Amino acid sequence: VNETEWDRLKRAAAEAAVAEVRSGMRLGLGTGSTIAFALDALARRIREEGLKVAGIATSLHTEARANQLGIPLTSFAETEMLDLAIDGADEVLEGPLTLIKGLGGALVRERIVAAAARRFLVIVDRSKLSNRFGSRAPVPVEVVQFGHESTARRLAALGCRPVLRVDAAGAPAVTDGGNVLYDCHDFAAGADPATLAHGLRQTTGVIDSGIFVGMVSEALVALTPTEIRRLIPTADIEAKL
Ligand code: A5P
């Protein structure tokens, strides 16, 4: 296997997170290429140590992968709270650890899972760290299919450039929830993420955005394959915008 340098970083962050899992835990299982390494590591611990866990997947993709790997799954019908949710992110704002999520298309389920977790641990390589909100990723917004062109005009009126996400065949990409996604680019520099998140959620036709404010417990950032930085949210939000 020819692992790229970025893969090595993702794997390192993923393995550090999975090392914190204890038998008996209910887990939130995120989505994306970093989480793929976490699922491998978790499956290995289940196999080798007999670790007993049950997970809730943030996407159909993760659900299928967990099933392949023999990671037991549960649901919110049976489980009220998760002990630990582990997920990736597309951008992590240094300081408050505000996230941009959803480039993998799973933001609504991801928020539901993170919100039900006592501890939300984010794992990223250093390329995701940002010191200016929106500088590493556009903001994904999940929108009801009906009238999405009309909703997009309202998104533009909030001061961004919404771009409909399309699949490889050029058709609108559809989420696990049956909705479409707009990636909102070019928000004004200095825009406050919490205000933006609120404005997006108030917009008719919008289900949710990928802005996660005040949700992260800790972030594990792989700087090198052997050097993981552990960040906790700090309050100096103003200074970091
Ligand atoms: C999924 O919709 C996203 O929120 C993912 O968490 C994000 O895209 C991280 O994916 P990678 O680990 O592949 O960068």
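Visitor: What makes the pair formed by Ala 106 and the ligand a polar contact?
Guide: A backbone N or O atom of Ala 106 lies 3.0 Å from an oxygen atom of the ligand; a polar contact is a pair of N or O atoms within 3.5 Å, so this pair qualifies. The model is predicted, so local features need pLDDT of at least 70 and side-chain atom pairs pLDDT 80 or more, whereas totals for chains, interfaces and linings use all residues. Numbering starts from 1 along each chain as its sequence is written, and side-chain values use heavy atoms, without hydrogens or water.

Visitor: Which atoms of Gly 104 and Ser 33 lie by an oxygen atom of the ligand?
Guide: For Gly 104, a backbone N or O atom lies 3.2 Å from a ligand oxygen. For Ser 33, a side-chain N or O atom is 2.5 Å from one. The protein covers 91% of the 380 Å² of accessible area (Shrake-Rupley, 1.4 Å probe) that the ligand has on its own.

Visitor: What makes a set of 28 residues a nonpolar core?
Guide: Such a core joins buried (under 20% relative accessible area) nonpolar residues through side-chain atoms within 4.5 Å. In the largest one, Val 21, Leu 27, Leu 42, Ile 71 and Ile 123 touch the most other members. Elements giving two or more residues include helix H1 (5-18), strand E1 (26-29) and helix H2 (33-49). H2 gives the most, with eight residues.

Visitor: Where does the other core lie, and which residues does it include?
Guide: It lies apart from the largest core and has 20 residues, among them Val 139, Ala 152, Leu 196 and Leu 200.

How values were computed: Polar contact = N/O pair within 3.5 Å; in protein donor to acceptor, adjacent residues only side chain to side chain. Buried < 20%, exposed > 50% of the residue type's maximum accessible area, 1.4 Å probe, protein only. Helix = DSSP H or I, 4+ residues; strand = E, 2+ residues; numbered from the N terminus.
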